[in-house]
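Q: Please take a close look at one strand of this protein chain and describe its surroundings. A connected account is preferred to a list.

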Amino acid sequence: MAVGPRRWPLSVFTVHLVFIFAAAGYYHSVLIRFQLFGWSCTLLQNQNLPIALGTKPSWINGLIKALLQAAQANVIAVDWVHGATAAYPTAVGNIMQLGLEIFSFIHKLQAFGMAEASVHIIGVSLGAHVAGLVGHFCDGRLGRITGLDPAGPKFTRASREERLDPGDALFVEAIHTDSDNFGIRIPVGHIDFYINGGKDQPGCPRFISSGYSYLICDHMRAVHFYTSALEESCAMVAFPCFSYQDFLAGHCLDCLNTFQQFCPTIGLLNNGGVNMDKIPTEVKVYLATAVAPPYCVYHSLVEFRLQQKTTSDINIEITFLSGNTSYRTSIVIPKHETLGKGLMTHSVPLCKVEGVMLYRPKTWLRKKEELPISVQFCTASLPVDKRKMFCLSQILEKNIPLSHRLTVACD
Ligand SMILES: [Ca+2]
Ligand SMILES: [Ca+2]
């Protein structure tokens, strides 16, 4: 791989790979655990920041523990401290050799009866492209590759042979959390999860004064999401869409067209839970999350229909009430239109939401536009099944909140 001569800008990159050998063939009933110390964590030199060399990342034990609990599998962690503790372009230049070493290791395990299709490689950041190289050397016969925020710099314009791509394994998935900085922007798998749009993560610091955390929080959130998903406290289901803005606007409500029905889920389900003979490639899927573990939220469509068009935008605030917790969003019905919709996120299933409050805030408009409006409010959890939609018709007056019981049956 070509390595440019220029010094790479301030950057933090890690090369981490975790293998899962599914409980099959030679290793059936045997749990082999390789936990290697001295994991690499490279913080490139900058006047204001220290250099941390070969520090074992705090998340590695949690990820391995979650993997061992989620699957009957042999887990092998790859320590690459000497290759990764370098300036970023040097580390990038080293990944070919690392890929060959791991390929050779897999080849040796095959001699003991291990099937390539039983291998799942999880690679973090630069490690995702190492996984891609290994998969490329195996002619795409590995079972699965999971890229956790695959590195972006030097890879966005690289050839498919040089970076992770859908040809590298029977199923390739990527979880994008920092695609505006350290992560790759383009899709690189069969399914690409763009968490909260894939650029910035809720709860991560937005100012450089937060130091190290500011630099890596978005990037490393992919690891924390994945670990959380393995712990299976709740499902992280995602939905195909053109963009995150379209997803939030309620334009992408199911998986019928792209995946024939089943929506992809982060975790260890076969092919991400998608049940198709041939899974399409480079499909962007979106989901929103909470700010802290277990991160997952439920997504519901909220929509309003007016009986009559109006000559000004209608703004309506919606609040879901569940116990002492409330979830809020607002919808605009554009002037001269009758439909306005959006997405509500909440940490309990819609069937556990007890009430809904609708509110049309007061604005400085002409008297005529202050008149009560007749609306139909509807909601349904994603993926939307129109037969299970909850609807109610109301007259909304300005500045007068309306509360109503919300009764949606649990599946
Ligand atoms: Ca590749
Ligand atoms: Ca970011």
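Before turning to the strand β7, what share of the contacts in the protein chain between residues at least 6 apart in sequence join residues at least 24 apart?

A: The model is predicted. In the protein chain, 71% of the contacts between residues at least 6 apart in sequence join residues at least 24 apart. The chain holds seven helices and 19 strands, and buried residues account for 44% of its 411 residues.

Strand β7 covers residues 144–148, and five of its five residues are buried, so the strand is largely enclosed by the rest of the structure. A residue counts as buried here if 20 or more other C-beta atoms lie within 10 Å of its own. The burial applies to both directions in which side chains leave β7: Arg144, Thr146 and Leu148 point one way, Ile145 and Gly147 point the other way, and all are buried.

Two strands pair with β7, beginning here with β6, residues 119–125, which runs parallel to β7 and is joined to it by five bridges. Within that pairing, Val124 stands opposite Leu148 of β7. The connection between these strands includes helix α4, residues 126–137: β6, α4 and β7 make a β-α-β unit, and this unit is right-handed.

The other pairing described here is with strand β8, residues 171–176, where five bridges again link the strands in the parallel sense. Gly147 of β7 has Ala174 in β8 as its bridge partner. Leu148, placed opposite Val124, and Gly147, partnered with Ala174, point opposite ways from β7, and both are buried.

Notes. Residues numbered from 1 in each chain as written. Chains lettered and ligands numbered in written order. Predicted model: local features only at pLDDT ≥ 70, side-chain atom pairs only at ≥ 80, totals over all residues. Helix = DSSP H or I, 4+ residues; strand = E, 2+ residues; numbered from the N terminus. Buried ≥ 20, exposed ≤ 12 C-beta atoms within 10 Å, placed from the backbone. Contact = placed C-beta atoms within 7 Å. Pairing = 2+ DSSP bridges. Right-handed = clockwise from strand over helix to strand, strands pointing away.
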